[in-house]
Amino acid sequence: MNNHSPYYSREELLTLLDYVQHKAKEETKMQVAECMLDYGIDIKLVGTITGLTTNQLKR
């Protein structure tokens with residue numbers, strides 16, 4: 001049985017989890033926005049629905 005200390009503290013793991021969740025949500029928003037734009041929906045409407053800025057959508 002190993003008594004090694006964990007690589008990350010509980011607080012560090014929670015911070016990492018929060019970061020990963022945020023990135024996943026942003027990536028999903030971007031994928032949804034790309035599909036909406038592909039269907040010809042106006043960029044301003046896509047931005048309003050997804051919460052993404054016009055600059056983010058133009059990338």
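M36 touches I41, V46, I49 and T50, leaving out residues up to four places away in sequence. These contacts come from a predicted model. M36 is placed in helix α1, and its relative accessible area of 14% is under the 20% limit, so M36 counts as buried. One of its partners, V46, is ten residues away in sequence, yet the C-alpha atoms of M36 and V46 are 6.7 Å apart in space.

**The chain as a whole**

The protein chain has three helices and zero strands. Read along the sequence, the pattern is α-α-α. Of the 59 residues in the chain, 12% are buried. The accessible surface of the chain comes to about 5400 Å², and carbon and sulfur atoms account for 55% of that surface.

**The nonpolar core**

Which residues make up the largest nonpolar core? This core has five residues in all: A33, M36, V46, L52 and L57. L57 is in contact with several residues outside its own stretch of sequence. With neighbours within four places set aside, the contacts of L57 are A33, L37, I43, V46, G47 and L52. Three of the residues on that list, A33, V46 and L52, also belong to the core.

**T50 in helix α2**

T50 lies in helix α2, which covers residues 43-50. Is T50 buried or exposed? Its relative accessibility is 9%, below the 20% cut-off, and T50 is therefore buried. Apart from neighbours within four places in sequence, T50 is in contact with K29, V32, A33 and M36. Among them, A33 and M36 are members of the largest nonpolar core.

The side chain of T50 also has polar partners on the backbone. A polar atom of this side chain lies 2.8 Å from the backbone oxygen of V46. The side chain of T50 reaches the backbone nitrogen of L52 as well, at 3.3 Å. V46 and L52 are both listed in the largest nonpolar core.

**The salt bridge in helix α1**

How many salt bridges are counted? The count comes to one. The salt bridge joins the side chains of E26 and K29, with 3.7 Å from N to O. Both residues lie in helix α1, three residues apart, which is about one turn of the helix. E26 has a relative accessible area of 25%, a value between the limits of 20% and 50%, so E26 is partly exposed. K29 is partly exposed too, because its 31% falls between those limits. K29 is also one of the residues in contact with T50.

**A patch on the surface**

Y7, Y8, L13 and L16 form a nonpolar patch on the surface. Together these four residues have about 500 Å² of accessible area. Y8 is found in the segment before α1, the helix that spans residues 10-38. At a relative accessible area of 45%, Y8 is partly exposed.

**Accessibility of five residues**

The table lists relative accessible areas given above.

| Residue | Relative accessible area | Class |
|---|---|---|
| T50 | 9% | buried |
| M36 | 14% | buried |
| E26 | 25% | partly exposed |
| K29 | 31% | partly exposed |
| Y8 | 45% | partly exposed |

Conventions:
Residues numbered from 1 in each chain as written. Predicted model: local features only at pLDDT ≥ 70, side-chain atom pairs only at ≥ 80, totals over all residues. Heavy atoms only, no water. Helix = DSSP H or I, 4+ residues; strand = E, 2+ residues; numbered from the N terminus. Buried < 20%, exposed > 50% of the residue type's maximum accessible area, 1.4 Å probe, protein only. Polar contact = N/O pair within 3.5 Å; in protein donor to acceptor, adjacent residues only side chain to side chain. Contact = heavy atoms within 4.5 Å. Patch = residues over 30% accessible without salt bridge, like charges linked within 9 Å, V, L, I, M, F, W, Y side chains within 5 Å. Areas by Shrake-Rupley, 256 points an atom, 1.4 Å probe, with all protein chains shown as cover. Core = buried A, V, L, I, M, F, W, Y, C linked by side-chain atoms within 4.5 Å.
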